[in-house]
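Reader: I am a first-year student, and I would like to take a close look at one part of this protein. Could you walk me through the helix near the end of the part I am viewing, and then through the contacts made by side chains elsewhere?

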Amino acid sequence: MTSTSSDLRPADLGTLVLLAWSGESPDGADMPYLLAYSLGDAEGGPQTTAAAVEKLLTANGLPVGGDLVDGNGRPSLPVSLLVEAGQAVVRMPQLVAQADAPKEWLAAVAERGYAYLVFTTRAWPEGEPGKTVEPADLAAFAGADETLKAAAHVVLPVGSVRR
């Protein structure tokens with residue numbers, strides 16, 4: 001039987017967190033990044049959240065550990081990014097996540113028209129919402145091979161509110 005997003009128990013995702021930051025990219029300009037992860041705090045712990053996040057991602061056409069998905073060329077991709085009132089909002093079936101976006105991130109996403117989303121199955125209990133994340137800690141987690149290989153990588157074009 002094929003697994004579908006309807007098989008997903010939202011409680012198994014645990015607490016999901018979305019962080020927005022920008023950093024220099026190979027072309028020399030700032031890249032707006034988004035990092036999505038679970039705290040691993042579902043009943044069953046990090047193994048349960050990793051399996052649930054992977055199920056959510058693959059059900060929405062986002063391969064874990066696979067190739068980069070370029071949303072610019074896939075208008076039917078069921079994942080979207082909205083930037084409104086200083087917030088980055090990522091939507092997909094069964095999930096809406098939002099993050100406060102620093103002004104540097106907002107400038108980078110306005111210039112590029114997209115953000116680079118890394119949605120990892122690897123839990124990061126230290127990255128609690130409302131707690132200050134030191135840049136070195138974020139870089140260590142976000143840049144770790146274990147994090148990147150356990151993630152879907154997506155270029156998400158910025159959408160707009162339909163009026």
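**Helix α3 and the side-chain contacts**

Author: In this predicted model, D137 is partly exposed, because its relative accessible area is 45%, a value that lies between the 20% limit for buried and the 50% limit for exposed. D137 is found in helix α3, which covers residues 135-142. The same residue also takes part in a negative surface patch, which is formed by D41, E126, E128, E134 and D137.

Helix α3 also holds F141, and with this residue we turn from charges to rings. A pair of aromatic rings is described by the distance of the centres and the angle of the planes. The rings of W124 and F141 have their centres 4.5 Å apart and their planes at 5°, so this pair is stacked, given that planes under 30 degrees apart count as stacked. The pair links distant parts of the chain, since W124 lies in the loop between β7 (114-120) and α3 while F141 lies in helix α3, and the two are 17 residues apart. W124 counts as buried because its relative accessibility is 6%, and F141 counts as buried because its relative accessibility is 5%; for both residues the limit that matters is 20%.

The stacked pair of W124 and F141 belongs to a count of 5 aromatic pairs in the model. Elsewhere, ring pairs link W21, Y33 and Y116 into a cluster.

To complete the picture, we can look at the charged side chains that meet a partner of opposite charge, for which the count comes to 2 salt bridges. In one of them, the side chains of R9 and D12 meet at 3.0 Å, taken from N to O, and D12 counts as buried because its relative accessibility is 18%. In the other, R112 forms a salt bridge with D27, and the closest N and O atoms are 2.8 Å apart. The pair of R112 and D27 links distant parts of the chain, with R112 in helix α2 (residues 103-112) and D27 in the loop between β1 (16-24) and β2 (30-38), 85 residues apart. The two partners fall into separate classes of accessibility: R112 counts as buried because its relative accessibility is 17%, whereas D27 is exposed because its relative accessible area is 54%.

Definitions and conventions
Residues numbered from 1 in each chain as written. Predicted model: local features only at pLDDT ≥ 70, side-chain atom pairs only at ≥ 80, totals over all residues. Heavy atoms only, no water. Patch = residues over 30% accessible without salt bridge, like charges linked within 9 Å, V, L, I, M, F, W, Y side chains within 5 Å. Areas by Shrake-Rupley, 256 points an atom, 1.4 Å probe, with all protein chains shown as cover. Salt bridge = Lys/Arg side-chain N within 4 Å of Asp/Glu carboxyl O. Lys, Arg positive; Asp, Glu negative; His and termini not counted. Charge placed at Lys NZ, Arg CZ, Asp CG, Glu CD. Helix = DSSP H or I, 4+ residues; strand = E, 2+ residues; numbered from the N terminus. Buried < 20%, exposed > 50% of the residue type's maximum accessible area, 1.4 Å probe, protein only. Phe/Tyr/Trp six-rings, centres within 6.5 Å; stacked < 30°, edge-to-face > 60°.
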